[in-house]
Amino acid sequence: MGAYGKFQFAIDRGGTFTDIYAKCPNGKSRVMKLLSVDPGNYPDAPREGIRRILEEELGTPMPSSQPVDTSHIDYIRMGTTVATNALLERKGERMALVITQGFRDLLHIGNQSRPKIFDLQIKVPNVLYEDIVEVEERIILHQDKCCLDISSDVVIGSTKLYKWKKLNEEKLRNDLTAILNKGIKSIAVALMHSYTCADHELKVGEIATELGFTQVSLSSKVMSMVKLVPRGFTACVDAYLTPSIKKYLAGFQSGFDENLKNVQLLFMKSDGGLTPVDKFNGSRALLSGPAGGVVGYSMTSYEDQPVIGFDMGGTSTDVSRYNGQYEHIFESTSAGVTIQAPQLDINTVAAGGGSMLFFRSGLFVVGPQSAGAHPGPTCYRKGGPLTVTDANLCLGRLQPQYFPKIFGKSENLGLDISATKEAFILLTEEVNQFMSSSNKLHEALSVEQVAMGFICVANESMCRPIRALTQAKGHDTSGHVLSCFGGAGGQHACAIARSLGMSKVFIHKYSGILSAYGMALADVVHETQESAACQFNKENLPWIDGRIDSLSHQCCQQLKSQGFSSQQICTEVYLNLRYDRTDCALMCSPSTTIGKNVSKYGDFLETFTSRYHTEFGFTIPGRTIFVDDIRVRGVGKSGISVTQSVGMDHGRKLRVKAPKCETVVQCYFEDGYQDTSVYLFEQLSHGHHFQGPAIIIDKNSTILVEPDCSAEITENGDITIKVGSGKLNKVGTELDSIQLSIFSHRFMSIAEQMGRILQRTAISTNIKERLDFSCALFGPDGGLVSNAPHIPVHLGAMQEAVQYQMKHLGDNIKEGDCILSNHPLAGGSHLPDLTVITPVFALGHKNPIFFLANRGHHADIGGTTPGSMPPHSTSIKQEGAVFKSFKLVRDGKFQEKEVTEALMEPGKEEGCSGTRNLHDNLADLRAQVAANQRGIHLVNELIEAYGLPVVQAYMGHIQSNAEVAVRDLLRVVARSTKVSDLELPDMVSLSAEDFLDDGSKIKLRIDIDSEKGSAVFDFSGTSPMVLNNLNAPKAITLSAIIYCLRCMVGYDVPLNQGCLAPVDIRIPKWSILDPEEHAAVVGGNVLTSQRIVDVIMKAFKTCAASQGCMNNITFGDNEVGYYETVAGGAGAGPTWHGRSGVHTHMTNTRITDPEILERRYPVILQNFKLNPGTGGRGEYVGGDGVVREMLFRKNLVLSVLTERRVFPPYGLEG
C-alpha cells in the first residue's frame, strides 16, 4: 500500500516526549525526539517533527507558520496519550449517563470493592458523567422454571428475551431535553441486557441524535459483551474521550495542506492494530502508545522463545508477553475506570526511574510515589527527592558527561551528582543510626551499599509483575527472552533477567523510540463482535458458522474500502467460551482440526480445553460450554518487511576489529567498584562483542552490561546480552536491611502467587470471581510471616488455625499431609471459611520447617439454609459441616471419600442438609491444596538460593520489622494524646464501647506504654456469649486488631504476627468474643467483626463508624445457591468524607454484575442504588448506604444477616 518515493512517518506522542520514526524515499531511516508540549517553539509536536524531517531531507524551506506540504508524504501512523491524559486528569467532554431505571448509581458503586484495603480515606476516582437519566424500560431473560406471570413482547435472537417494560419515549425526550438545556451534548447509553438485545438502546440513540446530541455512545455498539458495569464504564469513556480526540485530530490535521486529504492517516488502538482516523474513538485509545511498543518488540525480538516486554519509564514500568500471537484481555481498569474492550495484556507497576526512595522502620522502600518531571530526581537541580535515577547516578551507572545539559535555571547544566551524593550521605546516616540502635554490632553501610540496596529492592519490585504474567498463567519465567526498551530499562535489564532465571536480554537499536517504530510495523485492523449467548454444541454449529461468515464479510469490506486487496487481508476468528455456571470466559481461536462435529473454521473446543487446562490447571468434563461472543479480527497487512526495516543503516558495515572503548569508569556492583568500559552505541557494528561490566551510551538511554554478562551487536544493529549466573553473594542469618527489604518482597510474592493459583484453579464464583479468600506463609512456630492483602477478616485468624494444629496434632503432623479446619476453637472464623494447612518438611528435620495455609469461602457446606449462613442459628451444628482437625490429604493422597462423608454429615441433624454443592466443594478444596503446593515450590526456591537457616532467620526478622512499625505507631499515639493527672507519666489509656442490635456490648480499654511502645487491649466488660450467631471466635478479634493497627500505621508494613507482638490482648472467656465450642458463630465473622473494628477506631478516634456489617445475603433451593455481601457507607475522618456504596473494613469482596446475576440465577434485580442522606450530617459526612431490591422468579429460601438497625453508627467530634 506504500507509495514509491514518499516519506512514511510513525509517531508516538507520549505525555513527556514525542518520538518520530521516518522512512525516507531513499531507504534512509530518521529518528527524532521532541518535547510533546513546547508552546514557545511549536504548536504540535508530531506536526513539527514531520516538518523538520521533510525540510532537512528535501532541502526545501518549510516555514512553521504555514501548513506542511503533504505531496511528499505517503502515510502517517500515530499513537497518542491524548485520551489517557484526558482520563487521568478528568479533562474530557461534559457528558451524561443514560441507564435503566433503578440503576442510577450502579457505576458509582461498581463492583463495591475498595482499591486499597488499608486506606481509611477511600479514594476512588470520580465518575465521568455529571448527570444521569434513568430510562423507563426493562428487558429480562427467559428462564424455563420462572413462576412469574410475564406478559410482554418476546424477542427471539441468539437467546429468548422479554420486553418486560416498554420504552417510555415521552419521558425520555423530556429528560434528554433537560440535559441538553444544561449544555451537555455527549451521552453514554447503557441499558440492561443490551449486549444481546439492543432495540431499546438503538431507539434511545435515535431520539438523542434527533434532539441534537453530538456524541452518542451506545454500550451495545461500543462493546457488545455481557456485564453492565464494565460495559457502562466503557460507553462513558467513549462519550467522555471521543470528542476530545476529535478536537485534537482536527487541530493536528489543520496543520497540513488540505487537512491531510490525500495522506493515509492511521492511529494505533489499544489492541495493537491500526485504524483510520475517522474510526478512532475514546474507548479503544487508552493504550495507544504502549501498544506500539508491544508491536515493536513482538515483531523484532521473537524467534523461537517467548518474549517478555520490559518498558521502564520515569514513573512506571509496563510488562507484557508475546509468544507468536498477541495476548488480549477484554476487561481492565485504567484511571479508576473499568474498560471492556479488546486491549493488549499490559501490566503496569509503579516503579520507574523517578520512583522515590524511603527508609521506613528498617525497610528500604521504593515508590510507589514518583518525583515526576517536576521537581524530578535530586540530580535534576530542582530540589527533588532521591529516586532510582539518583541511585544509578551515585553508583556510576549513569555518566553525567553523556547526558544532555538541560538542567538548572538556565537549562544549560548537567546532572548534579554532588547533590545526589549529599542526599545519600544523609540517608545513609539515618540507616546506620537505626541499625546500630537495634544491633550494637551492626557494621555501618557505605553510601554505595545503601544506593545499591535501593537498586536491588527496585529490581525485585519489577520482578513481581513479570512473575505474575508468567508463572501465574502456567508459564516458566526462565524460558523467556527479556526485551528491554524505554529510557530507564537498560540500567536494570541484566539484574532483572538474572533474578528471573532468564539467560538472554534483547535491546533493539530503536529501543528508545520502540513504540513509534512499532507503529511502522503494525497492521491495519478492523474488528467486529456480537453476542451469541448460545450453547456450543453440534446443533448450533451451523448458526455459529453463519454468524462468523457475516462478521468476516463485514471486516473484509471495511478493509477493502481502505485500499487493501484480498491478498493483503486475512481474518482471525474467535469464540468467547466458558463453562456453564462460571464467569471465566476465554477468547479462543480454532485449532486446524477439520472433521465432523467441528466448525468449518476449525476445532474451537480443542483450543478451549487446552487453554483452560493451561491457565487453570483442570477442565470440567461433562459441563455444558457456552458461547458468549463471536469475534472476527480482520487484518490488512501493511506490507512493511521487518528485516528490511531493521537492516543496517548506511555506513554501518560489518567490522571485525575490536569495538572502540571511549573511556573506563568506576562503576559499583554488589562486590564493590569495578573498572567499566564505556562504548558509544553509534560506533558499534555487527560482530562487535564484549564482556561486562560495560556501559553502552545511546542517544536516548544508557545500557548496563553487568559482570558475568556479555553483549553482542547483531546483523541488524541490535544488542543481545547473554546473562550469566553472576557471583553468588552469601547472605548471613544476621539482620541486613537491604536483604530484609528483598525478603519482604519475596515473602509477599509467595502469598500473592498462591492467591493467583487458588483463583486460577478454583471453580466456584466465591473464590474465582468474588475473590473471597486469603493465602499466607507461616514460620516453623506457626507464626504468620506474610499474608497477601486479600480479605482483612482472615488476617490474624489463620495463624491461630496453624498453631492450633501444631498443639493438637503434635508429632502426628506428617510429610504429605494437608489439614482441613474451620472450627472456631481451632482458629476458624465461621464454618463456610475452610482453611487448608500444609506443613513442609526438609531432610534431616523432624518437625515442619514452615507452613502454608489458605482460607476460602465455600458457597455451601450444609446446615439449615442454602448458603450455610442461617440468620437464626443457635448452635454451630446448624451452620454446616465442622472440621476441627481433618486430614484432607494423607500421605499425598486426597481423601475424597472421607471429606465427602464429612460434608454430608450435617444432613443427619434435624432440619439440616448436607452440602448442596459437593462438586464445587471438592474442586475448590483441590484448588486450595494446589495453591499451598505452589507456595511450597516457591519457598523451596528461596531455600535453594539462600539456605534454610537464612530463610528462617529472615522470617523472624520480617516479623520483628512489623513489630517495630507498630511500636512506633503506639508511641506516636501515646505522645499525641493528652495525659490526665490520674495516669502514670508513660501510660495513656483509651476506651470505647458500642452495642450490637441485640444489646450485646463490646467494651474496650487500651493502655499504651509510650516508652516501650506497647499496649494492652482489654475487652473486660464485654457481654457474655449469646444464644444467637453473633458470637465471634477469638481469632476474629486478633484479625480486627491487626487490621486497625495496619490502617493506622499509614504505610506498607509486612502483615505478620509481629504486628501483635507489642500487644497484650485480654478477652473474657465465654464472652461474645470467645464463645464455647458449640456456640453459633456465622454472624460473628460478618457482623461482630465489623463492630470490633468500630470500637477500636472509636477508642483511637481515627474515624467515625462505618455501616458496621457486611450485609450478608444468601438465597437458594436444592438446585441453586447464591451468596453475596452488600456494600454500605464508610465512616468520615478528621479531614475527609466517607465513601458511599463501598465495602469497608473487614471485607472487600466483589459483587456480581447485574446481568450475570440475572443470567445465572432465578432473580430480577429491580434496584441497586445509593440511599441518599443516610451517611449522617456534619462538616465531614459519612458515606450513604445502598438500596438493593430483588424479585425472585421462583420460590427460594432467603437469609439475611445484617446489623446497625437499632444502634446507629457513631460519629466523632459531634
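1. Let me start with strand S2, residues 17–23, which is mostly covered: 6 of its 7 residues are buried. Keep in mind as you read on that this is a predicted model.

2. On one side, S2 pairs with strand S1 (residues 7–13) in the antiparallel sense, over 6 bridges. The two strands make a hairpin, with 3 residues between them. If you want a spot to check the register, look at Gln8, which stands opposite Lys23 in S2.

3. S2 also pairs with strand S3 (residues 29–35), again antiparallel, and here 7 bridges join the two. Lys23 turns up in this pairing as well, standing opposite Ser29 in S3. So what sits between the strands of this second hairpin? There are 5 residues between S2 and S3, and Gly27 takes a positive phi near 90° in this hairpin.

4. Now for the helices. Helix H11 (residues 447–470) packs against helix H17 (residues 737–761) with the axes 9 Å apart and an angle of about 5° between them. Angles under 35 degrees count as roughly parallel, and that makes H11 roughly parallel to H17.

5. Who meets whom in that helix pair? From H11 the contact takes in Gln449, Gly453, Cys456, Val457, Glu460, Ser461, Arg464, Arg467 and Ala468, while the H17 side brings Ile738, Ser741, Ile742, His745, Arg746, Met748, Ser749, Glu752, Gln753 and Arg756. By residue class, the contact of H11 with H17 divides into 6 nonpolar, 7 polar and 6 charged.

6. Further along the chain there is an open sheet of 3 strands, in the order S48-S47-S51, with antiparallel pairing. Which strands are at the edges? Strand S48 (1121–1125) and strand S51 (1197–1201) are, each pairing on one side only. From one strand to the next, the twist averages 10°.

7. Within that sheet, strand S47 (residues 1112–1116) runs antiparallel to S48, and 5 bridges join them. A handy marker for this pairing is Phe1115, whose bridge partner in S48 is Tyr1122.

8. Last point, on what lies over this sheet. Helix H24, covering residues 1082–1100, lies across S47, S48 and S51, and runs at about 45° to S51. When you view this part of the model, I'd put H24 on screen together with the S48-S47-S51 sheet, as the helix lies across each of these strands.

Terms used. Residues are numbered from 1 along each chain as its sequence is written. This is a predicted model: local features need pLDDT of at least 70, side-chain atom pairs count only at pLDDT 80 or more; totals for chains, interfaces and linings use all residues. Side-chain values use heavy atoms; hydrogens and water are left out. Axes are lines fitted to C-alpha atoms, for helices over the stretch in contact, and angles run from 0 to 180 degrees between N-to-C directions. Helices (H or I, at least four residues) and strands (E, at least two) are DSSP runs, numbered from the N terminus. Angles under 35 degrees count as roughly parallel, over 145 as roughly antiparallel, 65 to 115 as roughly perpendicular and the rest as oblique. Contact means heavy atoms within 4.5 Å. Ala, Val, Leu, Ile, Met, Phe, Trp, Tyr, Cys and Pro count as nonpolar, Asp, Glu, Lys and Arg as charged, and the others, Gly among them, as polar. Buried means under 20% relative accessible area, exposed over 50%, partly exposed in between (1.4 Å probe, protein chains only). Two strands pair if DSSP finds at least two bridges between them.
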